[in-house]
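Trainee: I'd like to go through this one with you, strands and helices and then a pocket. Can you take my questions as they come?

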Amino acid sequence: MQSTCLTLICHARTVAQKLASFPTNEPVEDSAPPSDRLSARFSPQRRLICGPELRTRQTAAWFGTDAQIDEALRDCDWGRWHGKSIKALQREEGAALRAWLDDPQAAPPDGESVVQLGSRVGAWLHALQGTPGHVVAVTHPFVMRAALMHVAQGAAFNAIDVEPLSIIELRFNGIWRLRLPGLELEGAL
């Protein structure tokens with residue numbers, strides 16, 4: 001059985017993240033890659049995919065020019081909360097925000113719940129099981145959380161923080177396994 005290696009990369013930081021706001025289709029803060037070596041980090045035989053949003057496409061471009069958009073990697077649908085700050089929601093829709101934070105089946109008004117997001121990401125992971133080789137996917141913190149919860153089969157969704165440019169690697173060889181790659185230090189003893 002051939003194995004599947006999935007590397008999940010969180011898009012680069014956006015202004016919405018800095019302001020603790022729900023995202024719109026905003027760009028990354030700095031569209032210049034932090035290093036020329038990012039594109040060389042993965043084998044040219046890898047398959048590069050990303051969510052459809054501008055921030056994921058811009059970040060994927062740091063890793064290669066051949067990224068394909070995969071709708072399953074789109075961010076959670078925030079409904080009416082798109083672009084709103086957490087502070088504004090605490091004032092204006094505090095009960096709805098608390099319900100969403102406490103209940104994974106609760107959704108933002110006209111949006112997607114954590115359960116719905118988890119189902120979407122779980123279906124995508126299931127489909128990916130038949131894709132041997134290395135897949136590099138640039139996506140969003142909530143999609144990465146959902147992938148972790150699917151693999152871990154746990155209920156700690158809101159206890160996971162995914163920082164910009166975080167990397168999660170998942171491998172499928174009969175079962176999905178989480179792999180946390182270490183840093184490669186040049187010239188290390």
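Mentor: Sure. Before we start, two strands count as paired here if DSSP finds at least two bridges between them. Bear in mind too that this is a predicted model.

Trainee: How many bridges join strand 2 to strand 4?

Mentor: Take strand 2 as residues 47–50 and strand 4 as residues 133–139. The two run parallel, and one link pairs Leu-48 with Val-136 of strand 4. The number of bridges joining them is four.

Trainee: Which strands stand at the edges of the sheet?

Mentor: The sheet is open, with six strands in mixed pairing and the order 3-2-4-1-5-6. An edge strand has a single partner, so one side of it is left without a neighbour in the sheet. That picks out strand 3 (68–69) and strand 6 (176–179).

Trainee: What span should helix 5 have, going by its residues?

Mentor: Helix 5 covers residues 114–128, which makes 15 residues at 1.5 Å a residue. Its buried residues include Val-114, Trp-124 and Leu-128. The end C-alpha atoms are 21 Å apart, which agrees with the expected span of 21 Å.

Trainee: Which residues are closest to the centre of the second largest pocket?

Mentor: That pocket has a volume of about 650 Å³. Its lining has 13 nonpolar, six polar and seven charged residues, and helix 1 (15–18), helix 4 (94–102) and helix 6 (141–152) each supply at least two of the lining residues. Of the 26 that line the pocket, the closest to its centre are Gln-17, Ser-21, Pro-141, Phe-142 and Arg-145.

Key. Residues numbered from 1 in each chain as written. Predicted model: local features only at pLDDT ≥ 70, side-chain atom pairs only at ≥ 80, totals over all residues. Heavy atoms only, no water. 1 Å grid on protein atoms, 1.4 Å probe; cavity = no way out; pocket = protein on both sides within 12 Å on 5 of 7 lines; lining within 4 Å. Points joined across faces, edges and corners; volume = space filled by probe spheres on them. Nonpolar A, V, L, I, M, F, W, Y, C, P; charged D, E, K, R; others polar. Expected span 1.5 Å × (residues − 1). Buried < 20%, exposed > 50% of the residue type's maximum accessible area, 1.4 Å probe, protein only.
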